[in-house]
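Trainee: I am new to this structure and would be grateful for a close look at a single part of it. Please begin with one buried loop residue and then place it within the rest of the chain.

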Amino acid sequence: MAHSRITNKDRVFAATAAGMLEVKVDKSKYYYFAIEASATPTNTPPATPRHGSTTDISADTKLALPKSAYYIIFVEGCERFCYYGLKTILLLYFMQYLLLNKDTATSYYHLFSFACYLSPTIGAIISDGYIGRYSTILYLSIVYLIGTFVLTLTAIPSIGHKQLAGPLIGLFLIALGTGGIKPCVSAFGADQISMSNPKQLSRFFAFFYFAINTGSLISTLLTPLLRSKFSCFGYDCYSLAFGVPTLLIEFLSGTPSYKCVPPKENIIVKFIAILFRATRNAIVSSSSERKEHWLYHANDRYSLDDIEDVRAVLRVFVIFTPIPIFYALYDQSGSRWTYQATLMDGSLGPFGTIQPDQIQALNSFFVLLFIPLFEEIIYPGLARFNLLIRPLQRMFVGMIIMIFAFIVAAILQTAIQSKSDAVPVRSYANLFNGYNCTMNIDGINTIEYGKVSYIPCTKLLVDGVTLTSTCNTANVYLKLENDQLCPSVLILSEVNDEARGKILELKPLTNSIANQRGTKGMALIRMLSLDGKQSEVKTIPNNYNFKITKKLSPTEYQSVLPTNYRIQNLANGHTSVETFDIYTTAVYTVLLHNSNNDTLHAIQFEDIPPFSVHILWQTVQYALMTCAEILVSITGLIFAYSQAPKRYKSVIMSAWLLTTAIGDLIVVLVAEVRLIRNQAMEFVFFAVLMAFATFIFGVLAIQYKHYQPRNDSEDQQLILDKNASEPEQIIQ
């Protein structure tokens with residue numbers, strides 16, 4: 001009977017299935033498995049035959065996964081749903097719930113992201129050198145759960161009181177938990193699979209990353225809806241959106257079936273120790289003891305192979321130096337670009353409204369669309385002309401594309417600012433019939449009680465309008481003077497006149513801020529009572545209070561968050577039958593009145609429409625950013641993995657993750673210094689910074705010397721060349 005030959009090439013491609021199959025929209029999507037020093041499981045396969053044995057291992061080719069692997073897949077999907085959902089709404093949580101300004105909110109957002117990408121190194125050190133993967137996942141999942149519990153509780157107004165300390169504690173624990181388990185979960189799942197079955201291992205990674213994609217994509221679309229469409233404790237429902245990850249506890253239920261591999265050599269600690277030893281010896285050594293390279297000063301304790309491997313890692317570190325700039329731009333899709341979206345019109349008419357934090361789902365959509373496009377069409381097509389063959393070439397082009405993504409963002413921001421500065425032109429006035437009778441409008445049209453009609457402003461200026469009662473002879477006439485602004489609302493009602501008793505009145509409500517609009521992601525709204533029965537009211541959600549002094553006397557405009565509102569009369573607790581949508585940057589008047597059965601009604605009038613720049617214009621910059629992501633992130637991962645000495649892959653992957661952490665710190669620095677007050681100019685600044693980083697990267701790429709692996713490290717070449725010849729030996 002023929003043997004099943006399990007070659008090292010099989011191992012490598014099974015081990016790198018993560019990078020090939022993952023298509024989720026965050027840098028961490030590509031690195032779950034690769035950050036481990038050894039991507040393949042380290043458990044010894046059962047009944048592995050020796051060379052020449054008649055034992056047939058082909059029986060171990062079943063594709064059904066162990067029960068323990070399904071537990072891990074399920075838990076990972078839940079965790080990714082939580083993490084991406086939380087991060088999607090985090091900026092608006094800071095701005096709209098905790099009421100931080102956009103710069104401070106941006107800083108806290110990126111500090112959280114920084115912590116999430118710093119902690120994987122901590123998790124790798126703990127799992128590799130001390131307590132193993134299972135215990136690391138278990139303990140840090142508990143930390144994760146405590147963090148989300150704290151964040152959920154502090155999102156309840158009566159508990160958190162809108163103070164910053166509680167949410168920051170929760171976010172710190174979440175960052176420690178999600179980042180700490182990041183390098184462990186996929187490798188722990190691989191530990192459950194026998195290494196004699198690479199097809200089953202590939203199947204596990206297909207399911208694993210499908211769970212990541214499913215959890216993250218659904219949460220990016222769903223969590224903004226949970227936030228905006230449900231009201232919790234009088235506000236947008238952040239506490240509901242934050243309270244999902246309790247399903248992580250399901251990890252415990254699989255404990256009896258898990259295979260646990262003991263900790264191995266802690267290579268990250270060893271890497272740091274070699275650097276420290278070489279640095280210390282170089283400082284204290286005499287000038288006569290000069291070495292070819294300063295790292296050779298560590299040869300009193302470490303082997304030449306170790307030192308050469310560290311040198312190879314440092315060469316990759318050097319070419320990584322411009323990459324944090326790329327991720328400083330990339331990560332702004334969740335901060336500055338989301339803020340930009342709050343200033344735009346998300347209305348889709350009868351299809352609903354795109355929430356400003358929901359637009360981030362475009363990245364997920366484009367990643368799913370573009371990866372097969374690049375792999376099957378663009379790369380093969382360009383290869384015919386000898387273009388974009390090498391990883392560093394692809395990364396260079398990706399960085400150039402990111403420059404254009406921010407140029408487009410700057411152009412769009414300029415258009416938004418131009419619209420906000422434009423003088424709004426009103427073409428008609430809203431006529432509301434508050435008189436308990438059907439009225440004739442100039443003897444041509446009629447308007448029933450409680451209904452709204454529209455009167456052209458030109459008619460009010462040129463001819464005027466006459467309203468006549470169909471119930472009696474009462475009538476009223478209104479014509480605007482040449483210097484009068486066209487009113488946004490005309491209220492027809494019956495009023496008491498001291499001399500004439502009850503008379504018909506047509507009251508124009510002028511807009512004292514006719515040349516202004518709502519700004520900073522807010523809208524403006526004022527209240528007006530038709531019958532004088534509402535003295536103090538509030539909005540539900542968000543609890544904006546309005547005091548109405550007298551009948552038909554509007555309140556001052558107040559900035560409110562855009563969402564769907566009802567009005568509550570604080571005197572009797574009654575809420576309005578009607579709900580109404582408030583859109584970013586628009587200006588509104590809400591007319592309140594009670595019906596005969598004391599039911600509260602709220603009629604909304606649009607004084608000034610929202611900005612006309614639609615949120616879907618952001619599609620262009622998201623498409624460019626996703627192309628840049630594919631060229632830099634996926635290619636960069638493969639390049640970094642291929643250039644890592646076999647034992648030091650976890651060091652390279654940790655450094656690759658740290659480029660995002662450093663990029664987040666760059667954004668924090670720019671946001672906190674606040675030298676650039678104009679958002680469009682800030683986008684231009686980052687585009688120029690990216691251009692400088694691209695130039696530096698190009699110079700470094702030209703000078704880079706590729707790592708030449710020793711005989712025991714052929715997998716570096718295999719990752720880049722699927723047609724490489726297989727080693728002859730059979731795994732024993």
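Mentor: The residue to begin with is Gln355, which lies in the loop between α13 (336–342) and α14 (361–383). The model is a predicted one, and what follows should be read in that light. Gln355 has a relative accessible area of 9% and therefore counts as buried, the limit being under 20%. Leaving aside residues up to four places away in sequence, Gln355 touches Pro224, Arg227, Ser228, Lys229 and Ile615.

The chain as a whole gives the setting for this residue. The protein chain contains 20 helices and 18 strands. It has 732 residues, of which 58% count as buried. Among contacts between residues at least 6 apart in sequence, 75% join residues at least 24 apart. The accessible surface of the protein chain is about 31100 Å², and 60% of that area belongs to carbon and sulfur atoms.

Charged side chains come next. The count of salt bridges is 14. One of them is formed by the side chains of Glu79 and Arg80, with 2.6 Å from N to O. Glu79 is buried, because its relative accessibility is 2%. Arg80 is likewise buried, because its relative accessible area is 0%.

Another salt bridge brings together the side chains of Lys102 and Asp103, at 3.6 Å from N to O. Lys102 has 19% relative accessibility and so counts as buried, the limit being under 20%. Asp103, at 8% relative accessibility, is also buried. Asp103 forms a further salt bridge with Arg677, in which the closest N and O atoms are 3.9 Å apart. This pair links distant parts of the chain: Asp103 belongs to helix α4, Arg677 to the loop between α18 (649–673) and α19 (679–703), and 574 residues separate them. Arg677 counts as exposed, because its relative accessibility is 56%. Through shared partners, salt bridges join Lys102, Asp103, Arg336, Glu672, Arg674, Arg677 and Glu682 into one network.

Helix α4 also leads to a feature of the surface. Tyr130, Ile131, Tyr139, Ile142, Ile146 and Val269 form a nonpolar patch there, with about 570 Å² of accessible area together. Helix α4, which spans residues 102–154, gives the most to this patch, with five residues. Ile131 has its place in helix α4. At 37% relative accessibility, Ile131 counts as partly exposed, because its value falls between the 20% limit for buried and the 50% limit for exposed.

The strands remain to be described. Strands of a sheet pair through backbone hydrogen bonds, in either a parallel or an antiparallel manner. One open sheet in this model has four strands in the order β14-β11-β17-β18, and its pairing is mixed. β14 (558–560) and β18 (600–608) stand at the edges, each with a single partner strand, so one side of each has no neighbour in the sheet. On average, neighbouring strands of this sheet are turned by 35° against each other, direction ignored. Within the sheet, strand β11 (residues 523–529) and strand β17 (residues 587–594) run parallel and are joined by six bridges. Arg526 stands opposite Thr589 in β17.

Strand β12 offers a second view of strand pairing. It covers residues 536–540 and is mostly covered, as four of its five residues are buried. Three bridges join β12 to strand β13 (residues 545–547), and the two run antiparallel. Across this pairing, Lys538 stands opposite Asn545 in β13. The hairpin of β12 and β13 has four residues between the strands, and Asn542 takes a positive phi near 80° there. β12 is also joined to strand β15 (residues 564–569) by four bridges, again with the strands running antiparallel. In that pairing, Ile540 stands opposite Arg566 in β15.

To return to the starting point, Gln355 is a buried residue, and its place is in the loop between α13 and α14. Its contacts include Pro224 and Ile615.

How values were computed: Residues numbered from 1 in each chain as written. Predicted model: local features only at pLDDT ≥ 70, side-chain atom pairs only at ≥ 80, totals over all residues. Heavy atoms only, no water. Buried < 20%, exposed > 50% of the residue type's maximum accessible area, 1.4 Å probe, protein only. Pairing = 2+ DSSP bridges. Patch = residues over 30% accessible without salt bridge, like charges linked within 9 Å, V, L, I, M, F, W, Y side chains within 5 Å. Areas by Shrake-Rupley, 256 points an atom, 1.4 Å probe, with all protein chains shown as cover. Salt bridge = Lys/Arg side-chain N within 4 Å of Asp/Glu carboxyl O. Axes fitted to C-alpha atoms, helices over the stretch in contact; angles between N-to-C directions. Contact = heavy atoms within 4.5 Å.
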